[in-house]
Amino acid sequence: GAALEQFGRVIVEAQAAGTVVVGSKLGGIPYAMSGGGFLCEPGNVRELADVLNRLCSDPDLWKKYQRLGYDTVKNTFSDDVLAAKFVDGLRNELGLL
């Protein structure tokens, strides 16, 4: 339904900007985060509050996930990486690999 995020572009953009991301385990959100943030069960307010409290009270954890999110985007969703994946997929489909 409408609650399912198909990819989570805003998540990738936020991580690229150095924002720590907390999302739900729905649709494409886990893929977009690729381990670079925190995932909570949909509707689990207690779990969300716990994660936010941990992040707000632990500057080292915050910094760790800032870097992890940024590195995830750089290594998974950068233009160079996506272009290489596209070319490899095209070569594979055309039998050129």
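This report describes the fold, the surface, one loop residue and the cysteines of a predicted model.

## Overall fold

The protein chain contains five helices and two strands, and when it is read along the sequence these elements follow the pattern α-β-α-β-α-α-α. The radius of gyration is 16 Å, well over the 13 Å that the globule rule gives for 97 residues, so the protein chain is more spread out than a compact globule. Along its principal axes, the C-alpha trace spans about 50 × 35 × 15 Å.

Considering contacts between residues at least 6 apart in sequence, 37% of them join residues that are at least 24 apart.

## Burial, surface and charge

Of the 97 residues in the protein chain, 27% count as buried. The accessible surface of the protein chain comes to about 6500 Å², and 56% of this area belongs to carbon and sulfur atoms.

As for charge, the protein chain carries 10 positive and 12 negative side chains, with the centres of the two sets lying 4 Å apart.

## The loop residue K25

K25 sits in the loop that runs between β1 (22-24) and α2 (29-33), and with a relative accessibility of 40% this lysine counts as partly exposed, since that value falls between the limits of 20% for buried and 50% for exposed.

Although K25 and L39 are 14 residues apart along the chain, their C-alpha atoms are separated by 5.8 Å. When neighbours within four places in sequence are left aside, K25 is in contact with P30, L39, C40, E41 and P42; the list thus includes P30, a residue of α2 (29-33), as well as the cysteine C40, which is taken up again below.

## Cysteines and the absence of disulfides

The count of disulfides in the model comes to zero. A disulfide would require a pair of cysteine sulfur atoms within 2.5 Å, whereas the sulfur of C40 has its closest cysteine sulfur in C56, at 13 Å, which is too far for a bond. Taken from the other side, the sulfur of C56 likewise has its closest cysteine sulfur in C40, and the separation of 13 Å is again too far for a bond.

The surroundings of these two cysteines can also be described in terms of accessibility. C40, which is among the contacts of K25, has a relative accessibility of 4% and therefore counts as buried, while C56 has a relative accessible area of 68% and is exposed.

Note on methods:
Residues are numbered from 1 along each chain as its sequence is written. This is a predicted model: local features need pLDDT of at least 70, side-chain atom pairs count only at pLDDT 80 or more; totals for chains, interfaces and linings use all residues. Side-chain values use heavy atoms; hydrogens and water are left out. Buried means under 20% relative accessible area, exposed over 50%, partly exposed in between (1.4 Å probe, protein chains only). Helices (H or I, at least four residues) and strands (E, at least two) are DSSP runs, numbered from the N terminus. The radius of gyration is taken over C-alpha atoms; the globule rule is 2.2 Å times the number of residues to the power 0.38. Contact means heavy atoms within 4.5 Å. Accessible areas come from the Shrake-Rupley method with a 1.4 Å probe; for residues, only the protein chains shown count as cover. Lys and Arg count as positive and Asp and Glu as negative; His and the chain ends are not counted. The place of a charge is taken as NZ of Lys, CZ of Arg, CG of Asp or CD of Glu.
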